Amino acid sequence: LLVLTERSSLSPFKYPPGLLRPCSPPWEEVLHQVRRRLAWVSAGYSTRMLTREHLEEQGEAGWAELRSCAGSADLVLLLGCQDEGFIARVGQETLCVPSLLALDSSDSCSQLARLLYQPAG
């Protein structure tokens with residue numbers, strides 16, 4: 001699983017009541033927790049999470065990292081991505097991945113979506 005998000009993008013989830021935080025956690029924090037739990041349950045599970053800001057800060061080396069991660073991914077998941085230029089480039093750089101899904105992201109992601117659903121049986 002290759003997850004891409006923006007650092008400032010807040011998820012629709014709420015913090016647990018005991019933490020007393022008034023805002024929602026960013027997608028980056030949510031996915032960090034999910035990744036830790038899934039790795040505990042399934043030893044073969046692998047998730048790589050990259051942010052738009054990281055890719056932009058790294059320049060072409062960042063995009064090379066994205067292409068490398070995409071080479072072994074079964075699914076690209078865009079979470080809370082609104083930057084149109086970033087979305088378009090991710091679409092081009094991850095064409096080798098058979099499935100791309102966008103949640104809580106710009107409507108332009110619908111042009112990139114390539115999710116294949118095959119019911120069991």
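Two residues are in contact here when they have heavy atoms within 4.5 Å of each other. With that in hand, welcome to a quick tour of this predicted model. Thr-94 is a good place to begin: leaving aside neighbours within four places in sequence, Thr-94 is in contact with Leu-66, Ala-70, Val-76, Leu-100 and Arg-114. From there we move to a β-α-β unit, two residues called Thr-5 and Glu-6, and the largest pocket.

**Thr-94**

- You will find Thr-94 in the loop that runs between helix H4 (84–93) and strand E4 (99–103).
- Thr-94 has a relative accessible area of 0%, so it counts as buried, the cut-off being under 20%.

**The β-α-β unit**

- Strand E1 (residues 2–5) pairs with strand E2 (residues 48–51) in the parallel sense, over 4 bridges.
- Together with helix H1 (residues 27–41), strands E1 and E2 make a β-α-β unit that is right-handed.
- Thr-5 belongs to strand E1, and its bridge partner in E2 is Thr-51.

**Thr-5 and its surroundings**

- Thr-5 counts as buried because its relative accessibility is 0%.
- Beyond its neighbours within four places in sequence, Thr-5 is in contact with Trp-27, Glu-28, Leu-50, Thr-51, Arg-52, Glu-53, Leu-79 and Cys-81.
- Among these contacts is Thr-51, which is also the bridge partner of Thr-5.

**Glu-6 and its surroundings**

- Glu-6 sits in the loop between E1 and H1.
- With a relative accessible area of 7%, Glu-6 is under the 20% cut-off and therefore buried.
- Not counting residues up to four places away in sequence, Glu-6 touches Arg-52, Glu-53, Leu-79, Gly-80, Cys-81, Gln-82 and Asp-83.
- Several of those names will look familiar: Arg-52, Glu-53, Leu-79 and Cys-81 are in contact with Thr-5 and with Glu-6.
- Glu-6 and Glu-57 are 51 residues apart along the chain, and their C-alpha atoms are separated by 13 Å.

**The largest pocket**

- If you are thinking about cavities and grids, the largest pocket has a volume of about 190 Å³.
- Its lining consists of Phe-13, Lys-14, Tyr-15, Pro-16, Leu-19, Pro-25, Glu-29, Val-30, Gln-33 and Val-34.
- By type, the lining residues divide into 7 nonpolar, 1 polar and 2 charged.
- Helix H1 spans residues 27–41, and the lining includes Glu-29, Val-30, Gln-33 and Val-34.

Note on methods
Residues numbered from 1 in each chain as written. Predicted model: local features only at pLDDT ≥ 70, side-chain atom pairs only at ≥ 80, totals over all residues. Heavy atoms only, no water. Pairing = 2+ DSSP bridges. Right-handed = clockwise from strand over helix to strand, strands pointing away. Buried < 20%, exposed > 50% of the residue type's maximum accessible area, 1.4 Å probe, protein only. 1 Å grid on protein atoms, 1.4 Å probe; cavity = no way out; pocket = protein on both sides within 12 Å on 5 of 7 lines; lining within 4 Å. Points joined across faces, edges and corners; volume = space filled by probe spheres on them. Nonpolar A, V, L, I, M, F, W, Y, C, P; charged D, E, K, R; others polar.
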